[in-house]
Amino acid sequence: MRLVAAAAAVAVLAAACGDDGPDESAVPVVGAAEEAGAAEEAGVEDAANDDTAGNDDTTEAGDTAPPTTTGAVPPNGDVVDVVALDNTFRPETIEVVAGTAIRWENRGRNDHNVIPTDEAASWGAPTEAFAPGDEYIYLFDTPGEYPYYCTIHATPEVGMIGTVVVLPADR
Amino acid sequence: MKRLALGLAAVLVLAACGGSDDDSGGPGTDAAVETEAPVETEAPVETDAPAATDAPETTEAGDDAGAARGDGVLDVPSEFDTIQAAVDAAEPGDLILIEPGTYNEAVNVVTDGLTIRGLDRNEVVLDGAFELDNGIRVLGANGVAVENLTTQNYTSNGVFWTSVDGYRGSYITAYRNGDYGIYAFDSVTGQLDNSYASGSPDAGFYIGQCFPCDAVIDRVTAEHNGLGYSGTNSGGNLFIVNSTFNNNRAGIVPNSGSYELCYPERESTIVGNLVYSNNQPDTPAIDVAILAMGNGILVPGGIDNLIVKNRVWDHDKTGIGLVPFLEEGANDDIPTPDEWDTPCAEQREQPPAEEIPDTLLWEAQFNQVIGNVLSDNRAGDLGVAGVGVATEELGNCFAGNDFETTAPAALETLAPCEGEGAGDWSVEPLDVLSWLTEIESRPPSVDYQDAELPPKPVLDNMPDAATAPAAPANDIVIDVDVDAIEVPAAPAG
């Protein structure tokens with residue numbers, strides 16, 4: 001299983017995976033397991049060279065671009081799962097608080113990808129990095145709605161689409 | 001990590017190689033399917049639509065945006081430089097008429113009720129050049145028909161409908177595409193007919209994630225694919241009829257699995273097909289195709305299917321096999337029998353089970369195998385096996401088949417479709433577990449770009465492509481008379 005996770009997010013998550021996570025009861029995570037410490041399970045272990053993950057920071061492995069910090073909140077150590085089946089993201093809409101990482105895993109038999117609808121966004125997993133069994137993690141640290149889709153099996157509006165709704169961390 | 005493994009089955013046979021058939025893409029046994037689509041033998045349809053060559057001149061060259069003629073026929077490339085431009089300009093009910101040529105396009109369709117038609121099936125070629133993903137992709141647009149053209153060399157699919165109500169693909173040639181040839185996913189009320197698919201690692205033809213599907217595959221040919229037909233979690237008024245599946249890794253393979261929604265696979269009807277020599281070692285192939293290799297009609301984990309009057313011969317494993325499907329890395333638990341009738345639209349809204357087993361074992365249950373003619377299937381013309389449940393408790397039945405061998409032995413006596421069975425289920429059982437160990441020694445997949453395929457055949461065109469009116473898939477009626485379909489004659493030679 002290949003793990004496609006951003007060095008930046010990985011480092012941040014690893015740094016946050018101790019005892020400093022938020023009160024879980026205050027985190028309105030819908031539809032997926034909230035895993036304190038899941039960052040380590042996902043291979044998030046290298047805390048070197050980043051301390052933040054800004055909105056739209058690319059989180060792909062090997063991306064060494066420095067993260068931006070505008071409006072970002074610290075990572076909370078939570079990792080929420082979204083499963084890519086053939087050809088559906090499950091859950092299709094996921095709601096998390098800022099500072100939460102989303103981990104997508106391709107658990108289908110076919111290739112997929114995770115592409116933001118916002119063409120200017122720099123996060124996402126291309127097809128070659130999201131084959132069956134692959135994972136991709138991205139830390140959402142700024143409130144907002146982040147629609148995405150699989151370009152193979154959807155347009156931005158129809159088909160294999162999903163949305164990450166990021167709520168303020170103080171909710 | 002691919003999470004599939006599998007189980008499988010066996011069968012028996014007795015076949016005959018007799019009469020001839022046409023060798024066109026849609027080998028035509030006599031269809032008994034009500035269809036809105038034009039059929040090879042039907043008379044030309046009277047139409048008010050003008051021929052493509054009669055199109056009025058409306059725009060300056062290249063001015064696609066203003067090119068629509070207002071007659072509901074959009075010509076490519078004389079009026080629109082690209083198919084996509086015509087599709088984007090079209091309105092529901094319009095006909096996009098494509099002149100011969102090679103089109104390096106990946107066409108997206110999001111408008112309901114279009115008919116996209118090539119003027120010549122063999123000379124209108126959409127070519128992905130191993131770079132573009134889907135030849136024609138219909139996303140959420142209901143009633144779109146694709147007719148009379150070729151799609152080849154796409155990295156994903158030749159023609160692909162997803163999330164639609166109403167679809168039809170007729171006289172399509174799908175050749176050397178990187179996933180499926182002709183692919184209907186999460187779609188209902190559809191028809192695929194008179195089409196040909198070769199060289200896809202997954203399936204030549206696929207209908208999946210639908211229940212009830214209300215769909216039919218009729219008079220198609222699939223050869224040299226990983227699977228001839230695949231139907232994951234599909235069924236319910238779904239028919240695969242009058243078609244030919246040969247020289248794939250495996251022939252017709254409907255299965256259950258939680259890697260797509262709407263599980264399990266159930267209530268598919270497979271009637272009147274020619275299924276032979278699905279042992280092909282040099283095709284592109286996904287892992288399931290490699291695992292299922294050597295089987296004619298294989299039902300891994302399918303439920304309540306009807307397999308009737310097919311001619312099945314020359315397979316290294318089973319002719320018709322009912323076997324378990326072992327799914328590793330499950331995404332949900334297996335539905336209980338009281339949930340099998342749940343429509344897909346309802347089931348897909350339900351969250352997965354709170355406790356999900358790592359591995360699921362989907363057993364093939366309550367299938368009926370009746371009146372087939374089978375021969376030379378080396379692990380059994382007919383076969384059935386349970387792994388998590390005793391084989392005799394799965395409720396499958398066999399009757400009226402013409403066969404030589406079964407696994408277990410005397411299967412029609414053990415599990416008749418009427419009355420009580422009798423005998424010893426332990427005699428010559430189908431050893432499906434050994435298939436799991438054999439997979440490592442089977443020929444690996446060949447890259448779809450490089451696989452040696454039969455030359456792309458020149459196949460029959462739809463009748464009157466230039467003059468037939470638009471025929472959107474708005475009123476597909478699935479009304480197959482199973483009783484009227486006979487066991488097809490074997491091809492000459």
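Here are a few exercises on a predicted model, each with a worked solution.

**Exercise 1. Work out how chain B and chain A meet: how many residues are in contact, and what does the touching side of chain B consist of?**

Start with the head count: 22 residues of chain A are in contact with 38 residues of chain B. Next comes the area, and here the two chains bury about 2100 Å² between them, with carbon and sulfur atoms accounting for 44% of it.

Now look at the polar side of things. Twelve residue pairs are in polar contact across the interface, both partners being at pLDDT 80 or more. On the chain B side, β7 (134-139), β9 (157-162), β11 (180-185) and β17 (227-232) each supply at least two of the touching residues. Sorted by class, that side of chain B has 16 nonpolar, 13 polar and nine charged residues.

Last, the salt bridges: the count between the two chains is one. Its partners are Arg109(A) and Asp202(B), with N to O at 3.2 Å.

**Exercise 2. Sketch chain A: which elements does it have, and in what order?**

First, tally the elements: chain A has nine strands and two helices. Then read them off from the N terminus, which gives β-α-α-β-β-β-β-β-β-β-β.

Now for burial and packing. Of the 171 residues in chain A, 56% are buried. Take the contacts between residues at least 6 apart in sequence, and 68% of them join residues at least 24 apart. As for the surface, chain A exposes about 6600 Å², and 49% of that comes from carbon and sulfur atoms.

**Exercise 3. Place Ser234(B): is this residue buried or exposed?**

Find the spot first: Ser234(B) sits in the loop between β17 and β18 (238-241) of chain B. The relative accessible area of Ser234(B) is 0%, and the cut-off for buried is under 20%, so Ser234(B) counts as buried.

Then check the surroundings. The Ser234(B) side chain reaches the backbone oxygen of Ile207(B) at 3.0 Å. Beyond its neighbours within four places in sequence, Ser234(B) has contacts that include Cys210(B), Cys213(B), Tyr229(B) and Arg266(B).

For contrast, try Ile334(B), found in the loop between β27 (325-328) and α3 (344-347) of chain B. At 29% relative accessible area, Ile334(B) is partly exposed. Setting aside residues up to four places away, Ile334(B) touches Leu360(B), Leu361(B) and Trp362(B).

**Exercise 4. Go through salt bridges in chain B: which parts of the chain does the pair Arg117(B) and Glu147(B) tie together?**

Keep the overall number in mind: the structure holds eleven salt bridges over all chains. In this pair, the closest N and O atoms of Arg117(B) and Glu147(B) are 2.6 Å apart. Arg117(B) lies in β5 (residues 115-118) and Glu147(B) in β8 (residues 144-152), so the pair ties together parts 30 residues apart in sequence. Both ends are tucked away: Arg117(B) is buried at 0% relative accessible area, and Glu147(B) is buried at 1%.

Compare that with Lys317(B) and Glu438(B), whose closest N and O atoms are also 2.6 Å apart. Here the partners are 121 residues apart, with Lys317(B) in the loop between β25 (311-315) and β26 (318-323) and Glu438(B) in helix α5 (residues 433-438). Lys317(B) is buried at 13%, while Glu438(B) is partly exposed at 25%.

To finish, look for a network: salt bridges link Asp314(B), Asp316(B), Asp376(B) and Arg378(B).

Note on methods
Residues are numbered from 1 along each chain as its sequence is written. Chains are lettered from A and ligands numbered from 1 in the order in which they are written. This is a predicted model: local features need pLDDT of at least 70, side-chain atom pairs count only at pLDDT 80 or more; totals for chains, interfaces and linings use all residues. Side-chain values use heavy atoms; hydrogens and water are left out. Contact means heavy atoms within 4.5 Å. Buried area is the accessible area (1.4 Å probe) that two parts lose on being put together, summed over both. A salt bridge is a side-chain nitrogen of Lys or Arg within 4 Å of a carboxyl oxygen of Asp or Glu. A polar contact is a pair of N or O atoms within 3.5 Å; within protein, one must be able to donate a hydrogen and the other to accept it, and residues adjacent in sequence count only if both atoms are side-chain atoms. Helices (H or I, at least four residues) and strands (E, at least two) are DSSP runs, numbered from the N terminus. Ala, Val, Leu, Ile, Met, Phe, Trp, Tyr, Cys and Pro count as nonpolar, Asp, Glu, Lys and Arg as charged, and the others, Gly among them, as polar. Buried means under 20% relative accessible area, exposed over 50%, partly exposed in between (1.4 Å probe, protein chains only). Accessible areas come from the Shrake-Rupley method with a 1.4 Å probe; for residues, only the protein chains shown count as cover.
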